[in-house]
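Here's a quick tour for anyone meeting this structure for the first time. Have a look at the sequence and the model, then read on.

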Amino acid sequence: IVLREDGTLDKYEGDAIIAFWNAPLDIPHHERRAARAAVDCLKRLNELRPEFEQKLGISPYMRIGIHSGEATVGNFGSGQRFDYTVIGDTANLASRLEGLNKMFGTAAMVSEDTERELDDTILRRYIGTIQVVGRKQPVRVFELLTDGIDIDAEGFSEALALFEERKWEEAQKKFLTLENDPVAKAYLVRIESELSLPERDPIWRMTKK
């Protein structure tokens with residue numbers, strides 16, 4: 001799927017696939033190609049899941065993080081061993097977003113820098129502002145959605161707006177009505193743990209990778 005969308009397959013690392021777009025050749029609308037590849041990967045895994053469950057008794061899931069920006073791309077290493085890869089803050093943030101899916105119960109997360117280049121064919125929703133470890137500037141993040149997902153997008157947006165306005169009691173009541181939404185559950189856990197604090201910070205500030 002990555003290659004079909006003209007992505008560059010960097011490497012397999014443990015159970016992870018690392019890929020990037022727009023190098024070594026320019027790829028028009030590469031942000032859309034990356035996001036579309038992510039959604040198609042999720043759809044394909046959903047199709048394969050019953051087979052895994054029947055044959056192996058397991059239900060596999062995956063997490064994806066995408067960020068767009070400048071990066072250093074090329075052959076890195078030494079004269080004895082080198083690798084064509086991508087390094088820098090852009091690649092690091094994409095990796096952090098992949099991991100943050102676990103906290104939010106999501107499958108694919110993109111930064112605002114990627115999201116602003118997407119078109120209406122790619123479903124997504126704003127889910128909050130995050131400051132990852134090693135980065136001073138917070139970033140707005142969006143969840144990529146697949147067709148048929150059962151969530152109350154409007155209700156979630158209303159609850160999130162209340163949260164970001166620091167009206168946490170009202171936000172809590174609204175999030176409680178979204179019982180099938182894993183992101184709403186993540187917000188409820190945070191509100192419950194911080195509701196008594198004198199200062200309410202709507203930014204999710206990560207303390208570990």
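**Charges over rings**

Arg-140 sits over the face of Tyr-126, 4.0 Å from the ring centre. For a charge to count as over a ring, NZ of Lys or CZ of Arg has to be within 6 Å of the ring centre and within 35 degrees of the ring normal. This is a predicted model, where local features need pLDDT of at least 70 and side-chain atom pairs count only at pLDDT 80 or more, while totals for chains, interfaces and linings use all residues. Residues are numbered from 1 along each chain as its sequence is written, and side-chain values use heavy atoms, with hydrogens and water left out.

- Arg-125 lies over the face of Phe-156, at 4.4 Å from the ring centre.

**Aromatic pairs**

- Searching the whole structure turns up ten aromatic pairs (rings of Phe, Tyr and Trp, using its six-membered ring, with centres within 6.5 Å; planes under 30 degrees apart are stacked, over 60 edge-to-face and the rest tilted).
- Take Phe-20 and Tyr-84: their ring centres are 6.1 Å apart and their planes are at 45°, so this pair is tilted.
- Phe-20 belongs to strand 2 (residues 16-20) and Tyr-84 to strand 5 (residues 82-87), so the pair ties together parts that are 64 residues apart in sequence. Helices (H or I, at least four residues) and strands (E, at least two) are DSSP runs, numbered from the N terminus.
- Phe-20 is buried at 9% relative accessibility, whereas Tyr-84 is partly exposed at 30% (buried is under 20% relative accessible area, exposed over 50%, partly exposed in between, with a 1.4 Å probe and protein chains only).
- Phe-104 and Tyr-187 make another tilted pair, 6.3 Å centre to centre with 55° between the planes.
- That pair links helix 2 (residues 89-104), home of Phe-104, with helix 6 (residues 182-194), home of Tyr-187, across 83 residues.
- Phe-104 is buried at 1% relative accessible area, and Tyr-187 is buried at 0%.
- Phe-104 and Tyr-187 also join Phe-156, Phe-163, Trp-168, Phe-175 and Trp-204 in one aromatic cluster.

**Two packed helices**

- Helix 4 (residues 153-164) and helix 5 (residues 168-176) pack at about 160°, with axes 7 Å apart (axes are lines fitted to C-alpha atoms, for helices over the stretch in contact, with angles from 0 to 180 degrees between N-to-C directions).
- That makes helix 4 roughly antiparallel to helix 5 (over 145 degrees; under 35 is roughly parallel, 65 to 115 roughly perpendicular and the rest oblique).
- Among the residues that meet (heavy atoms within 4.5 Å) are Phe-156 and Phe-163 from helix 4, and Trp-168 and Phe-175 from helix 5.
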